[in-house]
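Reader: Can you walk me through this one? Keep it short, please.

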Protein chains: 2
Amino acid sequence: MTVSKKAMRDAIVDAARYIFARFGYRKATMDAIARAARKGKSSVYYYFKNKEEIFLAVIEKEASSVKSEIRNALASASDPKEKLTIYVLTRMRVFHRIARFYSSFREEYLKEYDFIQRFRENYDRYETKLILDILREGIKKNIFAIPDPVLAANYFVTALKGFEYLWGIEEDIGKLEKKTEAMLEMLYRGILKR
Amino acid sequence: MTVSKKAMRDAIVDAARYIFARFGYRKATMDAIARAARKGKSSVYYYFKNKEEIFLAVIEKEASSVKSEIRNALASASDPKEKLTIYVLTRMRVFHRIARFYSSFREEYLKEYDFIQRFRENYDRYETKLILDILREGIKKNIFAIPDPVLAANYFVTALKGFEYLWGIEEDIGKLEKKTEAMLEMLYRGILKR
DNA sequence: TTTTCGACCAAAAAACAAAAATGGTCAAAA
DNA sequence: TTTTGACCATTTTTGTTTTTTGGTCGAAAA
């Protein structure tokens, strides 16, 4: 792929991002996307096979930007415990922001589309692996004591999903962070008296 | 209310339970409920104000049976830690069974109906209070060390909701229980090395 | 050769109207 | 006190037409 072609794809993806965010997947029309990219509809098809491919490109870009943001936040920490805290808080913050941007998706039930389901599963795997790595590092450094790290990693991801439910209720991200920190502290120390 | 009238209400509720379970709230017709109760449709209206009231009666009965089942399971335990484990496991088991019975509700978006939302909030309060009581008992008995029990109780309820998501994936209740126990153990002891 | 786009089409969605089903009422019968 | 059929306004469903939309293609532009 030539350099300019890649640049044009990027421009279309950026335009599509706004259209998708505003109208959701179904109601975002190819025509609107093309117009936002200041191109004819047919031209868009020169760069992308179909709507699905554009949408995938949009969320892939989004995901890679999320990953890089998390990687960035994580870079400042060396202690595994700190890493875990930063990861969870950053993850929460970023997803909260994204959920706001793609507001029209709240109602649309995207679980129906299997290509999105596959994407989600893929992201879950990435997340589980990342947490697992932190846990293992902590075990190696003799900071964590976890009998079954794989299970623990899965637990984290599940609990994180549970928190997503909270986002719909608690709008104030400050309060949400406070709560999350307190819950993490509980998870670190356990609730049994030592 | 006379004795027989109460009995008739019960019979209608039982009949309605099956209809609702089979068709969901919207597609369950008053006529079908009446026929299941071997009554004319108008007769049903002699006992209940409207559809909503019948449905509320059904889930209230369900909830009270859940509560009694949990109370029953809890009776065998005296140790707060054991209580908490039993509570979570029983809760999971019972809800798993109920979710199976009301299979048609999986798709139906009941969150729209505000009278159901109110019911759910009510149940959440009950659950939070119950867990809070266990936690406080544990603190009193010097078994738990929890700085903020109210927050901790809320955390439990949230995490429990997160698990609900798992039920859709993991069908095998045996595996689910194993996972849950392991996660609880993690929560009890914490993941930090002592 | 690479890129753009107007014209075009089949399929999907939206709009609309007619028909059927449903929640709820009521007066009369049991 | 309890039961029910007849009844009705409102919703839901169904069938049909119209419009929109995703996607193709060949020709023009660059």
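**Packing, pairing and DNA**

Author: Sure. The model is predicted. In chain B, the buried residues of α7(B) pack against α7 and α8 of chain A, along with α5 and α6 of chain B.

Reader: Which residues of α7(B) are buried?

Author: They are A152(B), A153(B), Y155(B), F156(B), A159(B), G162(B) and F163(B).

Reader: And what does A152(B) touch, leaving out residues up to four places away in sequence?

Author: Partners from both chains. A152(B) touches M186(A) and I191(A), and also L135(B) and I146(B).

Reader: What span should α7(B) have, and how far apart are its end C-alpha atoms?

Author: α7(B) has 21 residues, so at 1.5 Å a residue the helix should span 30 Å. The end C-alpha atoms are 31 Å apart, which agrees.

Reader: Back to the packing. How many residues are in the largest nonpolar core?

Author: That core has 38 residues. A152(A) and A152(B) have the most contacts inside it.

Reader: Which elements supply at least two residues of this core each?

Author: In chain A, α5 (80–101), α6 (114–140), α7 and α8. In chain B, α5 (80–101), α6 (114–140), α7 (149–169) and α8 (173–189).

Reader: Now the two chains. How many residues are in contact?

Author: 28 residues of chain A contact 28 residues of chain B. On the chain A side, α7 (149–169) and α8 (173–189) give two or more residues. α7(A) gives the most, with 10 residues.

Reader: How does that side divide into nonpolar, polar and charged?

Author: The side of chain A that touches chain B has 18 nonpolar, four polar and six charged residues.

Reader: What turn and shift lay chain A on chain B?

Author: A turn of 180 degrees, with a shift of 0.2 Å along the axis. The RMSD is 0.1 Å. That is the relation of a two-fold axis. The same surface serves both copies, and 100% of the contact residues of chain A recur in chain B.

Reader: Switching to DNA. How many residues surround strand D, and which are the closest?

Author: 17 residues surround DNA strand D. The closest are T29(A), M30(A), N50(A), K51(A) and S42(B).

Reader: Which elements give two or more residues to that surface?

Author: From chain A, α2 (30–36) and α3 (41–47). From chain B, α1 (3–27) and α3 (41–47).

Reader: And how do the residues near strand D divide?

Author: Four are nonpolar, eight polar and five charged.

Notes. Residues are numbered from 1 along each chain as its sequence is written. Chains are lettered from A and ligands numbered from 1 in the order in which they are written. This is a predicted model: local features need pLDDT of at least 70, side-chain atom pairs count only at pLDDT 80 or more; totals for chains, interfaces and linings use all residues. Copies are superposed by least squares on the C-alpha atoms of residues with pLDDT of at least 70 in both. Two residues are in contact if their C-beta atoms, placed from the backbone, lie within 7 Å. Helices (H or I, at least four residues) and strands (E, at least two) are DSSP runs, numbered from the N terminus. Ala, Val, Leu, Ile, Met, Phe, Trp, Tyr, Cys and Pro count as nonpolar, Asp, Glu, Lys and Arg as charged, and the others, Gly among them, as polar. A residue is near a molecule or strand if its C-beta atom, placed from the backbone, lies within 6 Å of it. A nonpolar core is a set of buried Ala, Val, Leu, Ile, Met, Phe, Trp, Tyr and Cys residues joined through C-beta atoms within 7 Å. A residue is buried if 20 or more other C-beta atoms lie within 10 Å of its own, exposed if 12 or fewer, and partly exposed in between; C-beta atoms are placed from the backbone. The expected span of a helix is 1.5 Å times one less than its number of residues.
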